[in-house]
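Me: I'd love to walk through the rings and the empty spaces of this model with you. Could you bring it up so we can start?

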Amino acid sequence: MSLSVLNAISPIDGRYRNKVKELAGFFSEEALIKYRVLVEIEYFIALCELPLPQLKHIDAELLEDLRGIYTNFSGSDAMVIKDIEKITNHDVKAVEYFLKKKFDTLGLSDFKEFIHFGLTSQDINNTAIPLSLRAALDAVYIPEFKNLLGKLKELAEEWSKVSMLARTHGQPASPTRLGKEIEVFIVRMEEQFNLLNSIPHAAKFGGATGNFNAHDVAYPKIDWKAFGTAFVNDKLGLKHSFPTTQIEHYDHIAALFDALKRINTIIVDLDRDIWTYVSMDYFKQKIKKGEVGSSAMPHKVNPIDFENSEGNLGIANAIFEHLSAKLPVSRLQRDLTDSTVLRNIGVPFAHTLIGFKSTLQGLNKLLLNEAKFAEDLENNWAVVAEAIQTILRREGYPNPYEALKGLTRTNEKINQKSISNFIDTLEVSKKIKDELKLITPQNYTGI
């Protein structure tokens with residue numbers, strides 16, 4: 001049975017495949033194999049450029065031919081490696097054997113023992129994975145993040161002058177502006193995005209236990225630490241972690257996952273606020289012909305995009321949480337638990353991507369119900385009490401808070417007339433009374 005959207009076990013490879021398929025180029029098994037091939041080839045080329053005595057006469061054109069192996073890497077190449085793995089039962093060793101056959105084809109048979117020279121499999125995995133992760137962030141995550149951020153900025157500007165009743169603890173509070181409330185999420189997202197970008201993509205590269213033992217015993221006069229740092233930093237564009245055990249310590253990647261989790265949490269917060277505004281009738285939603293909101297209630301237009309986003313971002317965060325908590329912990333010089341866990345890093349990225357797209361889709365459906373905003377403000381004149389008592393404090397009026405509390409903390413409805421009548425009873429000048437009567441729920445929105 002071939003894999004399809006109907007028989008895939010995971011919804012990210014089934015129901016939602018069309019929303020996340022671009023991630024396959026970075027987090028699939030084929031992608032991991034390709035990045036391993038890249039690292040192995042670039043490492044061999046770096047040994048030639050060092051140069052090791054046995055490799056110094058290799059023609060530069062042949063080195064470019066080697067790069068063609070990974071730049072032109074195909075699905076059929078990946079299948080060849082997987083077939084080799086069936087025999088070796090070791091994924092990185094299968095890459096090495098694949099490359100040895102390629103060396104034979106290119107006339108480099110005399111040099112093929114320098115493929116994977118002195119390395120352990122984790123030197124390859126712990127560089128291939130951050131390379132693919134960084135590429136996925138640049139090619140997929142950041143554009144989707146900026147799409148969502150751009151939409152929020154557009155709405156913040158569009159709604160900048162829309163006064164609205166704020167609610168703290170779910171109760172009417174000092175009025176605000178809708179655009180400002182959206183701006184809160186924009187700034188939060190931007191600040192966490194800046195922190196995300198400050199986290200280095202680190203990689204381990206140092207042999208079986210991180211000490212370049214095999215390299216040093218073969219060529220003791222070469223500064224292998226300097227070589228490893230130059231290779232990781234300059235050739236691969238990552239940050240060389242040193243010292244390490246057999247594996248990368250994963251502290252930076254854990255920080256990265258925590259940063260991604262915080263951004264998701266902010267968007268969940270946004271989803272819930274917009275969902276609540278929809279339930280309060282602050283927003284209507286654009287209706288798409290043919291869509292059904294409920295199997296039983298034909299009138300319903302549900303805020304499903306924000307619900308879908310919240311659910312997917314929740315799953316993403318649960319996995320990011322496990323990744324950031326588990327990966328930095330390894331028994332002694334290494335255990336294998338990181339290997340299977342790292343194969344899953346595409347999963348929270350996929351759920352994050354679905355979440356971003358769902359929130360964006362929901363925002364694009366929103367229709368502002370200005371009448372409801374105005375109605376809520378008009379029905380809550382009590383919220384100007386804060387403004388009145390603050391001006392009275394300014395004027396040295398005795399016990400202004402208590403005076404306003406007596407007026408507003410009742411079950412009777414407060415309106416413009418009752419507020420105006422109360423102002424008339426105050427023992428202040430006509431100028432102050434006129435100032436107080438200018439304050440309305442619509443204009444008491446701060447800066």
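Reply: Gladly! One definition before we begin: a cavity is a set of grid points where a 1.4 Å probe fits but cannot get out, and its lining residues have an atom within 4 Å of a point. Please keep in mind that this is a predicted model.

Me: Which residues lie nearest the centre of the largest cavity?

Reply: The search of the whole structure finds three cavities of 30 Å³ or more. The largest cavity holds about 150 Å³ of space. Its lining counts 15 residues, and those nearest the centre are Pro-130, Leu-133, His-201, Ala-202 and Ile-253.

Me: Thanks! Which element gives the largest share of that cavity's lining?

Reply: Two helices, α7 (121-158) and α11 (251-279), each supply at least two residues of the lining of the largest cavity. By class, this lining has ten nonpolar, four polar and one charged residues. The largest share is five residues, and the element they come from is α7.

Me: Now the second largest pocket: which element gives the most to its lining?

Reply: This pocket holds about 320 Å³ of space and is lined by 14 residues, with Ile-12, Asp-13, Arg-17, Phe-27 and Ser-28 nearest its centre. Elements giving two or more residues to the lining are α1 (17-20), α2 (24-27) and α14 (346-365). With three residues, the one that gives the most is α14.

Me: And how many residues of the second largest pocket's lining are charged?

Reply: Let's divide the lining by class. Seven of its residues are nonpolar and three are polar. The charged ones number four.

Me: On to the rings. Is the pair of Phe-73 and Phe-98 stacked or edge-to-face?

Reply: A pair of aromatic rings is described by the distance of the centres and the angle of the planes. For Phe-73 and Phe-98, the centres are 6.4 Å apart and the planes are at 80°. Planes over 60 degrees apart count as edge-to-face. The pair of Phe-73 and Phe-98 is therefore edge-to-face.

Me: Where in the chain do these two rings sit, and are they buried or exposed?

Reply: Phe-73 belongs to the loop between α4 (60-71) and α5 (75-88), while Phe-98 is in helix α6 (residues 91-105). The pair links distant parts of the chain, 25 residues apart. As for accessibility, both Phe-73 and Phe-98 are buried.

Me: Last one: which residues do ring pairs link into a cluster?

Reply: The whole structure has 25 aromatic pairs. One residue of the cluster, Phe-27, also lies among those nearest the centre of the second largest pocket. The linked residues are Phe-27, Tyr-141, Phe-145, Phe-193, Phe-257, Phe-320, Phe-349 and Phe-356.

Key: Residues are numbered from 1 along each chain as its sequence is written. This is a predicted model: local features need pLDDT of at least 70, side-chain atom pairs count only at pLDDT 80 or more; totals for chains, interfaces and linings use all residues. Side-chain values use heavy atoms; hydrogens and water are left out. Rings of Phe, Tyr and Trp (its six-membered ring) pair if their centres lie within 6.5 Å; planes under 30 degrees apart count as stacked, over 60 as edge-to-face and the rest as tilted. Helices (H or I, at least four residues) and strands (E, at least two) are DSSP runs, numbered from the N terminus. Buried means under 20% relative accessible area, exposed over 50%, partly exposed in between (1.4 Å probe, protein chains only). On a 1 Å grid over the protein atoms alone, a cavity is a set of points where a 1.4 Å probe fits but cannot get out, and a pocket is an open set with protein on both sides within 12 Å along at least five of seven lines; lining residues have an atom within 4 Å of a point. Grid points are joined across faces, edges and corners, and a volume is the space filled by probe spheres set on the points. Ala, Val, Leu, Ile, Met, Phe, Trp, Tyr, Cys and Pro count as nonpolar, Asp, Glu, Lys and Arg as charged, and the others, Gly among them, as polar.
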